[in-house]
Amino acid sequence: MSKRSKEFISPKALIAPGPAGYSHVAKVNRGAIVYISGQVPSDASGKLIGEGDFEAQVEQIFANLKIAVEAAGGTMADIIKLNYYLVADVDQAIVPKLRPIRDRYINVENPPASTFVVVSRLMRPGWMIEIEAIAAIDA
Amino acid sequence: MSNEFLNPATLMAPFGYSHVSKVSKGTLVYIAGQVSADVSGKLVGEGNFEAQVEQVFKNLKLALEAAGASMADIVKMNTYLVAEVSQDDIPKLRAIRDRYLNTAKPPASTLVVVSRLARPGWLVEIEVVAAID
């Protein structure tokens, strides 16, 4: 059991993910797997946070992901996978503003494997982005 | 069943899903995105959203049962709707979903709307992860 419970790997033969803040591979050797529903910029009452404000929405989503992973007994550093769904009408130029917010929440030394796609729309108008996560927590 | 389904009070109240599902032991089962096709590959319910959702859930059930799992073992569900599906039709999806899922312990879920799927005519695709003891 000396092997770490999870490993983050970025093979040199793949594009360097360094500045983008993700790992190409996350390997789970043991522990509990936690699935977190796509989080949206809503507070506990369901109210939209940050209407038209991309950074405020991203901040709320990461705050929600933190609440969700902690409810399962984990931390943000336990997240092994993030999937981002950006709405098509969001200006591509503001997307990099996501990174510094993300990097305050995730473990930047061992960032999760990640996928980022653009979708036509989300469940409710006004949501600019949705992020779902998978975590692996030591038993 | 050892899967846990959690809803922190500090997150918005979910409609028919759980914010968090936790699998502490057992076997994980990944099911490919299911579409509204019958065993011959024929599109079921052309232009009929509800008929397609029904067929998709039937297919998910068949797939899970092939792995020794049931609908109640689903821990994660990802739903992909095509953009031409009206927002007003989404409640119809929920009604069908709730006949198939364990509504007391529904899976963690994500729903997004995409430009299109692999074949024209498919209005919805749903993939799931299940965990069985």
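This note goes through the confidence, the two largest pockets, one helix and one residue of a predicted two-chain model.

1. Conventions. Residues are numbered from 1 along each chain as its sequence is written, and chains are lettered from A, with ligands numbered from 1, in the order in which they are written. Because this is a predicted model, local features need pLDDT of at least 70 and side-chain atom pairs count only at pLDDT 80 or more, while totals for chains, interfaces and linings use all residues; side-chain values use heavy atoms, with hydrogens and water left out.

2. Confidence. The model scores ipTM 0.95 and pTM 0.95. Chain B averages a pLDDT (the predictor's confidence in each residue, from 0 to 100) of 96, and 99% of its residues score at least 70.

3. The largest pocket. A pocket here is an open set of points on a 1 Å grid over the protein atoms alone, where a 1.4 Å probe fits, with protein on both sides within 12 Å along at least five of seven lines, and lining residues have an atom within 4 Å of a point. The largest pocket has a volume (the space filled by probe spheres set on the points) of about 430 Å³. Of the 25 residues that line the largest pocket, A:Met123, B:Phe15, B:Tyr17, B:Arg94 and B:Leu111 are the closest to its centre. Helix H2 of chain B (helices are DSSP runs of H or I with at least four residues, strands runs of E with at least two, numbered from the N terminus) gives the largest share of this lining, four residues.

4. The second largest pocket. This pocket has a volume of about 310 Å³, and the closest to its centre among its 16 lining residues are A:Tyr35, A:Asn83, A:Ile134, B:Tyr30 and B:Val129.

5. Helix H1 of chain A. This helix, residues 54-71, has 18 residues and reaches 26 Å from its first C-alpha to its last, close to the 26 Å expected at 1.5 Å a residue, where the expected span is 1.5 Å times one less than the number of residues. Its buried residues (under 20% relative accessible area, with a 1.4 Å probe and protein chains only) include A:Phe54, A:Ile61, A:Leu65 and A:Val69. The buried residues of this helix pack (contact means heavy atoms within 4.5 Å) against E3, E4, H2 and E6 of chain A together with strand E2 of chain B.

6. B:Asp98. This residue is found in helix H2 of chain B, and B:Asp98 counts as partly exposed (between 20% and 50%) because its relative accessibility is 33%. The C-alpha atoms of B:Asp98 and B:Gly26, which lie 72 residues apart along the chain, are separated by 25 Å.
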